[in-house]
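Work through these exercises with the model open beside you. Try each task before reading its solution.

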Amino acid sequence: MATKKHDDHENYPTVLVTKTVTVHPKPLLHHPQQILHLSNLDRQCPMLMYVIFFYKPCFAYQNLSLGSIFNSLKSGLEETLSIWYPAAGRLSSNQADGKLNLWCNNGGAVLAEAVTTAKIIQLGDLSQYKEFFERLAYKPVFQGNFSQMPLIVAQVTRFGCGGYSISIGASHSLFDGPATYDFLRAWASNSAILKEKRSTLQIYEPVHERGPLLVGTQHGQQQLTKLPESGSSAPTRGAAAIDHLHQLIKQALAGPDMKFGGSNFSNTGNSNLVLKTFHLSGAMIESLKIKVFGGESRGSFSFSSFELIAAHLWKARTKALGVKKGAMVCLQFAVDLRNKMVPPLPKGFSGNAFVLASIALTAEQLEGSSHEAIIEKIKQAKNSITNDYVIAYNKALDGGAAQGSLPPINELTLVSDWTRMPFHTIDFLHGEAAYVSPLLSPIPQVAYFMQNPNDLRGIDVRIGLPPQFLNAFSHYFLTNLQ
């Protein structure tokens, strides 16, 4: 969905698209047209999710023409699509139940070439989102018919200084984060710009069949009707994330004091959110650890930087937004289920393989809880993601329409961890990207935890916030970090 973002620089030069082509798989392997059944996890957000790579001017490719780089990217994409062939297909609605599946029809991806006289240095801090970034991405016209929307689109733009940006949009029904990372690594390797093709790249052969995550098919149903892992005949518990979300919506409708996203349902939108990136250096994270635990030995209590920052962010965001003390508040974060299933999903599984873990407290309980207590609850929520949880989560989504976007709920804090996917190391051109960032997403209030190319011990936190709460959040979030 289109969402206007505040941008301090509205007078950037234009971006001129000079070429647009449809890219089809190379006929290395013949893949007959077929329907690939999607899981309920795949169907939740079929819209395109964009990331953009920035490569500053470099002597190694200053003499390369934009056309030669475009052709190399095109050739590499053709080769990659021959293996990741569903990416060349289209989504298709099942006439019987209206659910989306993937039609592998070799319809092709779209690759665009563009130029701008703007210089990358004019963009300032590349970690800070700017509305101009959206002009560097190819945005196909979408009129509600998913069968006409390409699942992969990309645009390579040459800047006036000789630098480049490469933006890629991929349907979230096609890949999740780890699968997108593998697809882009394969594409960069196959493009062979200023380097030899690396046939030894450590990427598992992609497995496109959704298998045990399917509901309603014979194979999937066998997996999804297994007895609980304990071996007892007790019914499988519900998925906490789904239950908590339903409770939050009921709470929002309960009365005028519990507004949905600070507004009524009918008036709620994402149009006023500001995207802001906070860089937490390795030293800042270590400082928070010391201040939270008083510099004392933590003994056997171990925790990750993700758990610490997620706990800190939840407390800061809830306090900054002024949530009433008696209101239920939730922290939800994505957990990779590839190794949580019984048996585990195959290596190279290319579909969506994550569910949301969830923690619920009242705002008063959250404010009064120590970081250590919240970290312990995060650990418990992680450990609750078992085969049974995945079954319950998947079934709870059955029959639901694709959500595409979620209106902001002040009481719900969402976190997506990208720190294990170092996108900046993907070398489409020469060496690492100066920065890689998600563009505006269908759910802009999500907090993304990302690696910073210049501080591998640090974490960049990109979050969407209402502008009136930005200063308060900055104050509470950066307290104990500086």
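A salt bridge is a side-chain nitrogen of Lys or Arg within 4 Å of a carboxyl oxygen of Asp or Glu. Keep in mind that this is a predicted model.

**Exercise 1. Find the partner with which R210 forms a salt bridge, and work out which parts of the chain the pair ties together.**

Step 1. The partner is D42, and the closest N and O atoms are 2.9 Å apart.
Step 2. R210 sits in the loop between helix 2 and helix 3 (218–224), D42 in the loop between strand 2 and strand 3, so the pair ties together parts 168 residues apart in sequence.
Step 3. Check burial, which means under 20% relative accessible area. R210 is at 1% and D42 is at 0%, so both count as buried.

**Exercise 2. Trace the salt bridge between D176 and R338, and name the network it belongs to.**

Step 1. The closest N and O atoms of D176 and R338 are 3.0 Å apart.
Step 2. D176 lies in the loop between strand 8 (164–171) and helix 2, and R338 in the loop between strand 10 (328–336) and strand 11 (354–362); the pair therefore ties together parts 162 residues apart.
Step 3. Both residues are buried: D176 has a relative accessible area of 3%, R338 one of 14%.
Step 4. Now look at K379 and E307, whose side chains meet in a salt bridge of 3.5 Å, N to O. This pair links helix 8 to helix 6, across 72 residues.
Step 5. Return to the network: shared salt-bridge partners join D176, D336 and R338.

**Exercise 3. R43 is buried; find what its side chain contacts in place of a salt bridge.**

Step 1. Locate R43 in the loop between strand 2 (34–36) and strand 3 (48–55).
Step 2. The nearest side chain of opposite charge is D398, 5.2 Å away. The cut-off is 4 Å, so R43 has no salt bridge.
Step 3. A polar contact of 3.0 Å joins the R43 side chain to that of N101.

**Exercise 4. Test the length of helix 5, then decide how its buried residues are arranged around the axis.**

Step 1. Helix 5 covers residues 282–293, twelve in number; at 1.5 Å a residue it should span 16 Å, and its end C-alpha atoms, 17 Å apart, agree with that.
Step 2. Its buried residues are G282, M284, I285, L288, K289 and F293. They cover an arc of only 165° around the axis, which means they lie on the same side of helix 5.
Step 3. These buried residues pack against several elements, including strand 9 (274–280), helix 6 (305–320) and helix 10 (470–478).
Step 4. Just past helix 5, G294 has a positive phi of about 65°.

Technical notes: Residues are numbered from 1 along each chain as its sequence is written. This is a predicted model: local features need pLDDT of at least 70, side-chain atom pairs count only at pLDDT 80 or more; totals for chains, interfaces and linings use all residues. Side-chain values use heavy atoms; hydrogens and water are left out. Helices (H or I, at least four residues) and strands (E, at least two) are DSSP runs, numbered from the N terminus. The expected span of a helix is 1.5 Å times one less than its number of residues. Buried means under 20% relative accessible area, exposed over 50%, partly exposed in between (1.4 Å probe, protein chains only). The arc is that of the directions from the helix axis to the C-beta atoms. Contact means heavy atoms within 4.5 Å. Lys and Arg count as positive and Asp and Glu as negative; His and the chain ends are not counted. A polar contact is a pair of N or O atoms within 3.5 Å; within protein, one must be able to donate a hydrogen and the other to accept it, and residues adjacent in sequence count only if both atoms are side-chain atoms.
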